[in-house]
Amino acid sequence: MSPGSKKKIKAGMENKHYPAPLASHEDVVNDPSVFWDTLRRFHFVMGTKFMIPVIGGKELDLQVLYVETTNRGGYDKVVAEKKWREVGSVFCFSATTTSASFVLKKHYFSLLYHYEQVHFFKIQGPVSTPAVAFPLGSPSSNTELAIVEYSPEPIRDCPDPSTESSSSFSASGTIEGKFDCGYLVSVQLGSEVLHGVLYHPEQQDLSNSMPQYDGAIVPYTPNRRRRRRRSRRSGDPSYPKPNRSGYNFFFAEKHYKLKSLYPNREREFTKMIGQSWSSLNAEERMVYQNIGLKDKERYKRELKEYKEKLKLRQAMEVELSIKAQDVQD
């Protein structure tokens with residue numbers, strides 16, 4: 001491990017000690033809610049930043065990453081034996097996701113390494129450093145990027161006397177994702193972190209409408225607009241309410257309970273409820289499926305009544321229109 005790597009690892013960790021385990025390793029592995037709760041609390045106690053990474057447009061399941069890594073002996077052993085590709089095969093990333101091993105290693109080191117030391121190895125006392133450092137600038141990773149160096153040309157049209165002597169500055173950052181024309185990157189300038197897109201200069205002529213940035217970092221704002229589904233009930237309030245499946249009833253019940261227990265974690269509810277549904281046995285699942293079948297029968301009955309009333313109403317309207325026309329004649 002190089003001296004530079006040691007400095008990066010120790011930055012912000014001086015004089016810090018590991019807290020006591022918040023749960024046993026077995027509970028963390030077997031219960032997703034225990035894992036997420038203890039991981040958030042651990043980062044809060046350690047004073048470190050915690051965010052769920054996104055790979056290939058999906059949130060990375062940190063519990064699966066933790067389980068697969070600790071099953072292989074932990075971070076140091078997986079790095080030493082070069083098993084990150086094996087760990088990554090569990091996630092079934094899409095073909096457009098590149099450098100999965102590098103990204104998994106980076107996220108594990110920043111989010112789970114110290115958590116692993118406490119809950120898997122049961123280490124207490126001063127914060128430890130890995131036997132194999134995370135390679136921030138290894139030659140083998142230069143093509144996929146560990147560090148982005150950006151030195152723009154100074155603007156000569158309006159020179160600033162106070163900055164005339166400094167012709168460039170440098171910033172360091174990391175690649176968060178890759179696509180056909182470049183990379184999604186984050187760059188730190190002082191205390192500010194910027195997110196943007198780094199285009200391949202040689203591929204900028206693929207689209208005439210694409211601005212020429214010459215390799216500079218530009219703001220990136222994903223499109224979060226969602227298409228609204230039109231409901232037939234919006235056109236006719238008397239139209240019967242569509243039936244729900246057994247899973248829909250299970251989801252509503254669990255969502256209500258989870259919202260009261262974890263009001264600030266709604267983004268995780270879908271995953272947690274899906275795992276709970278998968279863990280039900282056939283008899284437990286049949287209870288909700290029977291409720292869904294009854295609701296389906298209710299919908300068919302109400303739809304039949306609705307169609308009969310609709311036909312009757314249309315017939316009455318036709319009859320009234322004929323009578324009105326006869327009166328006019």
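Author: Before we start: a helix here is a DSSP run of H or I at least four residues long. And keep in mind that this is a predicted model.

Reader: Fine. Where do E319 and K323 lie, then?

Author: Both sit in helix α12 (residues 282-328), four residues apart, which is about one turn of the helix.

Reader: And why is the contact between E319 and K323 called a salt bridge?

Author: The cut-off is a Lys or Arg side-chain nitrogen within 4 Å of a carboxyl oxygen of Asp or Glu. For E319 and K323 the closest N and O atoms are 3.6 Å apart, so the pair qualifies.

Reader: What makes E319 and K323 "partly exposed"?

Author: That label covers the range between the buried limit, under 20%, and the exposed limit, over 50%. E319 has 43% relative accessibility, so it falls in that range. K323, at 48%, gets the label too.

Reader: How do you know that E59 and R267 pair up?

Author: Their side chains come to 2.4 Å, N to O, and the limit is 4 Å, so this is a salt bridge. The pair links distant parts of the chain: E59 is in strand β3 (residues 58-59), while R267 is in the loop between α10 (246-261) and α11 (269-278), 208 residues apart.

Reader: Why is R267 called exposed, but E59 partly exposed?

Author: R267 has 68% relative accessibility, and exposed means over 50%, so the name fits. E59 comes in at 28%, so it lands between the two limits.

Reader: What makes E68 and R72 buried?

Author: Each has a relative accessible area of 17%, and buried means under 20%, so both make the cut. Their side chains also meet in a salt bridge, at 2.8 Å from N to O.

Reader: How many salt bridges turn up in the whole structure?

Author: The search finds 11. Some residues are joined in a network: R40, R265 and E268 are linked that way by salt bridges.

Reader: Let's turn to α11. Which of its residues are buried?

Author: F269, M272, I273 and W277.

Reader: How do you know that the buried residues of α11 line one face of the helix?

Author: Look down the axis of α11: the buried residues fall within an arc of 135 degrees, so they line one face.

Reader: And what covers the buried residues of α11?

Author: The cover includes α3 (32-46), α10 and α12. That last one, α12, is also the helix that holds E319 and K323.

Methods: Residues are numbered from 1 along each chain as its sequence is written. This is a predicted model: local features need pLDDT of at least 70, side-chain atom pairs count only at pLDDT 80 or more; totals for chains, interfaces and linings use all residues. Side-chain values use heavy atoms; hydrogens and water are left out. Helices (H or I, at least four residues) and strands (E, at least two) are DSSP runs, numbered from the N terminus. Buried means under 20% relative accessible area, exposed over 50%, partly exposed in between (1.4 Å probe, protein chains only). The arc is that of the directions from the helix axis to the C-beta atoms. Contact means heavy atoms within 4.5 Å.
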